[in-house]
Amino acid sequence: MIWRNWTGDQTCAPAEVVRPRSTEEVAAAVRRAGEAGRVVRVAGAGHSFSDAVLTDGVLLSLDAMDRVVWADPGGRRVRVQAGIRLRALSERLAGYGLALENMGDVDAQSIAGATATGTHGSGVELRNLSAAIEAVQLVAGDGSVRELDGGEALLAARVSVGALGVITELTLRCVPAYVMRGVDAPARLDDVLDRLDELAEGSRHFEFYAFPHSETVLTRTNAVVTAPARPPGAVRRWTEDVLLTNHGLHVACGLARRRPALIPAISRTMTAVLSERVRIDRSDRIFVSPRRVRFTEMEQAFPRAAAADALRAILGEVRRHPVIFPIEVRFVAADDALLSPAGGRETVYIATHNYVGMPWEPYLRAAAAIGAEHGARPHWGKRHFHTAATLAPLYPGWERFAAVRSELDPEGRFTNAYVERVLGAPAAR
Ligand SMILES: Cc1cc2nc3c(=O)[nH]c(=O)nc-3n(C[C@H](O)[C@H](O)[C@H](O)COP(=O)(O)OP(=O)(O)OC[C@H]3O[C@@H](n4cnc5c(N)ncnc54)[C@H](O)[C@@H]3O)c2cc1C
């Protein structure tokens, strides 16, 4: 079996694929792998752009472990199996009158995969998704089942890059279900950058897309409202989400790939037709939208104060490369997970992408060099060029994470080329 990520550009041929239905079956699979001298990785929904999942050993899919184990609506907590997808989780939470405090822009990921890489949305007062984790159940390198519900182990396990063990269940803190008013609107780049703090701090969620070769950006501002949800009809949803957004982007990207010289004109045309769009709907439906146009991506977590300088530098760079995709700018509060890219500092995430099949490496390397000037940290699930040597100085909690890893996985049962590159070899080697 060949495993592929969402973009289709990360593939592997595992020696064995196991689809456990319970924690006991996960533990048995890890023990069997140990006896056979094989490494183990877990695939979530394959929505990482990096080689984080790849293995030639045992690949576990937790797709069948997608249940809500218990829910405590009054205490605003749920216990879920690790393979549940965010879309199913949102539906189940809505049934309990609950919701996630924040989400990224898609809900296809598994909860364990999303949190393992520090997946985030936007909002200066909101931390990444893993901050909602109160406890995890994890199968360690020796096949033992551990409950991590505090202390160093939990701070490490919230953002683990899959290097500590197989997470089988998570207890999540939620918030009461809420409705949001989402406004997408074009704006001038200079105006947005001049008022960046005011805009970022002025609403619960603010983010924007800056387009190559254009002075127009698309802002997205989401606020909680007491009005009832007004979900669009199926036709309007399809017209907006599929026809105008995805189909329009697909046509533009296809033309850009065939005729790169036209990219400045295509980009300016795309921004010229941007218009205001207002939606009022259940929170998760405002956060996410379908993504049918495939791309690859790098995303860097900069100190928030560097936002305008870093973005201007990247916008200067993007003009020198055949890039059609916009740059996405989001804000995240500081948190305390040991490997959180937003650990210990208010953060602006700047994401650089390109359409599948178009050259990405020179552009992403140039953006990475700008990141290095500002001490930016990479998103663990997206492309980057860091190694353990360049990452260790960026993370004050680096050695503390390594100590937890040595305890839970001393022999490196959960390693692969990515983990060894970014976290180093396991303790026992
Ligand atoms: C279209 C698209 C939109 C995206 N939008 C956003 C966004 O808005 N914000 C953002 O921050 N990111 C975003 N991402 C990135 C994505 O959220 C992360 O890469 C996330 O890790 C993917 O989750 P997954 O379930 O697909 O995990 P995978 O990519 O399958 O795995 C990610 C990592 O988690 C590990 N893992 C998975 N399950 C377990 C487990 N049970 N136990 C231990 N380790 C495990 C894997 O081994 C791997 O190392 C986006 C990606 C795509 C393709």
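Two strands pair if DSSP finds at least two bridges between them. Helices (H or I, at least four residues) and strands (E, at least two) are DSSP runs, numbered from the N terminus. The exercises below use both terms.

This is a predicted model: local features need pLDDT of at least 70, side-chain atom pairs count only at pLDDT 80 or more, and totals for chains, interfaces and linings use all residues. Residues are numbered from 1 along each chain as its sequence is written, and side-chain values use heavy atoms, with hydrogens and water left out.

**Exercise 1. Follow strand β17 to its partners.**

Find the residue in β19 that is the bridge partner of E297. Then find the residue in β20 that stands opposite A301.

Solution.
- Start with β17, residues 295-303. It runs antiparallel to β19 (residues 347-355), and 9 bridges join the two.
- Within β19, H353 is the bridge partner of E297.
- Now turn to β20 (residues 377-378). It pairs with β17 in the antiparallel sense over 2 bridges.
- Here R377 stands opposite A301.
- Check burial last (buried means under 20% relative accessible area, exposed over 50%, partly exposed in between; 1.4 Å probe, protein chains only). In β17, 8 of the 9 residues are buried, so the strand is largely enclosed by the rest of the structure.

**Exercise 2. Write out the strand order of the sheet of 8 strands, and name its edges.**

Solution.
- Begin with β13 (residues 179-188). It pairs with β15 (residues 216-225) in the antiparallel sense over 10 bridges. M180 stands opposite V224 there.
- β13 also pairs with β16 (residues 277-282), antiparallel, over 6 bridges. R181 has I280 as its bridge partner in β16.
- Step on to β14 (residues 205-210). Its antiparallel pairing with β15 covers 6 bridges, and A210 stands opposite V217.
- Put the order together: β16-β13-β15-β14-β18-β19-β17-β20, an open sheet with antiparallel pairing.
- The edges are β16 and β20, since each pairs on one side only.

**Exercise 3. Do the same for the sheet of 5 strands.**

Solution.
- The order is β6-β7-β11-β9-β10, again open and antiparallel.
- β6 (68-72) and β10 (145-148) stand at the edges. Each has a single partner strand, so one side of each is left without a neighbour in the sheet.
- Neighbouring strands are turned by 10 degrees against each other on average, direction ignored. Axes are lines fitted to C-alpha atoms, for helices over the stretch in contact, and angles run from 0 to 180 degrees between N-to-C directions.
- Look inside the sheet: β9 (residues 133-139) and β11 pair antiparallel over 6 bridges. I133 stands opposite L172 in β11.

**Exercise 4. Describe the surroundings of the ligand.**

Which residues come nearest to the ligand? How much of the ligand does the protein bury?

Solution.
- There are 37 residues around the ligand (a heavy atom within 4 Å). V42, G44, H47, S48 and R330 come nearest.
- Sort the shell: 17 nonpolar, 15 polar and 5 charged residues.
- List distances to ligand oxygen atoms. A backbone N or O atom of G44 lies at 2.7 Å. A polar side-chain atom of S48 lies at 2.6 Å, and one of T119 at 2.8 Å.
- Taken alone, the ligand exposes 970 Å² (Shrake-Rupley method, 1.4 Å probe). The protein buries 99% of that.
- β4 (40-43), α3 (111-116) and β11 (166-173) are the elements giving two or more residues to the shell. The largest share, 4 residues, comes from α3.

Key. Polar contact = N/O pair within 3.5 Å; in protein donor to acceptor, adjacent residues only side chain to side chain. Nonpolar A, V, L, I, M, F, W, Y, C, P; charged D, E, K, R; others polar.
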